[in-house]
Amino acid sequence: MANKTTKVGAAIVGLGWPGIQHLKGYIADPRSEVIAVCDLDKGHAQEVATEYKIPRVYTNHLEMLENGDIDAVSVCLPNFLHAPISIDALNAGKHVLCEKPPARSAQEAKAMADAAAENDKTLMYALVQRFDGSTQTLKQLVREGELGEIYFGKAGYVRRRGVPVGREGWFVDKERSGGGALIDIGVHALDCVWWLMNSPRPVEVMGTSYSHFEHLVPDDVKYDVDDATFAQIRFENGATIVLETTWALNLPGDNYIKIAGTKAGASLSPFTLYTEEDGQELDKSLDAPSINGFDEEVKHFVGCIVDEKVPISSAEQGIMLMQMLDGIYESAQKGRSVPIADLSIATR
């Protein structure tokens, strides 16, 4: 762990848009400083380093990991690189903040979690919707029991048209991405509603996936992923989540999170509490602080390193989240519901 009297030295691997948000988050936290940046595009990395006054620039992450001043690494790369780069960093004695999704599969996420445990390092996933002001406010209401026992959640991240391709088409290549709309944006919606419901253990999944919009990408790009996926998930405590996520659908786009409990329900957009007073239904508008979720996410990660705490988006939760995604894809492929087995991780 970093010495509490010194700043946490951070490095960012991958300088696309998410990587820059991580970089800004470290700069915004007085407990951390950015020691290095790493990207295959050396020119771009040098430009970023110059703009933000970062002392070291690398194009090879293994060379970067030899720098003893680096305590923590943000992994902001395509999905197929999440596990190998994160494991390299953990084995080099660095704490890791890895972008979503945790990995391409639960098995990869388990390997990452085991590496974190074996090296006694923090592994956190960048599930930024947990750090939004309205999500944090609603989570506090859940903690305080305002909604009672949460037993139902509904989440959607639906684009009418919005198929990403990415550099060299990696977003729509299952081998590199692990999947399509579900693993790309559906992971945000699923994780947010699941966390608000106190992250119960999933036990069974029913999913359906579709791929009808290959014509939206260039002809020379391999396209073998889902552009729409829908699912129902059952949990050990009896709760249910219904999920819909698409890159392309012939319906209006939407982005919503809703939860219902025995005493009240709530939605994030519009940010509303659905309750009753004196036997009458009451829709109560809620207020939330306007905060930068990326800054708050990085701040939480740095705090977990300094105070030696487990992140709210922990390595173990990363495994369960990937189990749900794996289960949805498996169910869609088999045409029936599938059970979700427990995957244990090493103990820190």
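Me: Buried means under 20% relative accessible area, exposed means over 50%, and partly exposed is in between. This model is predicted, so keep that in mind. Which of those classes does Tyr210 get?

Reply: Tyr210 has a relative accessible area of 38%. The limits are 20% and 50%, and 38% falls in between. So Tyr210 is partly exposed.

Me: Tyr210 has an aromatic partner, Phe230. What kind of pair do they form?

Reply: Their ring centres are 6.0 Å apart, with 55° between the planes. Planes under 30 degrees apart would be stacked and over 60 would be edge-to-face, so 55° fits neither. The pair is tilted.

Me: And how far apart in sequence are the parts that this pair ties together?

Reply: Tyr210 lies in strand β8 (residues 202–210), while Phe230 lies in strand β9 (residues 228–235). The pair therefore ties together parts whose separation in sequence is 20 residues.

Me: Take Trp17 and Phe294 next: buried or exposed, which is which?

Reply: Trp17 has 55% relative accessibility, which is over 50%, so Trp17 counts as exposed. Phe294 comes in at 17%, under the 20% limit, so this one is buried. In short, the exposed one is Trp17 and the buried one is Phe294.

Me: Which helix gives the most to the largest nonpolar core?

Reply: That core has 81 residues, and Ile259 is among those with the most contacts inside it. One helix, residues 181–196, gives the most, with 11 residues. That's helix α8.

Me: Last one: which ring does the charged end of Lys139 sit over?

Reply: The charged end is 4.7 Å from the ring's centre. That is within the 6 Å limit. The ring belongs to Trp195.

Definitions and conventions: Residues numbered from 1 in each chain as written. Predicted model: local features only at pLDDT ≥ 70, side-chain atom pairs only at ≥ 80, totals over all residues. Heavy atoms only, no water. Core = buried A, V, L, I, M, F, W, Y, C linked by side-chain atoms within 4.5 Å. Buried < 20%, exposed > 50% of the residue type's maximum accessible area, 1.4 Å probe, protein only. Helix = DSSP H or I, 4+ residues; strand = E, 2+ residues; numbered from the N terminus. Phe/Tyr/Trp six-rings, centres within 6.5 Å; stacked < 30°, edge-to-face > 60°. Lys NZ or Arg CZ within 6 Å of the ring centre and 35° of its normal.
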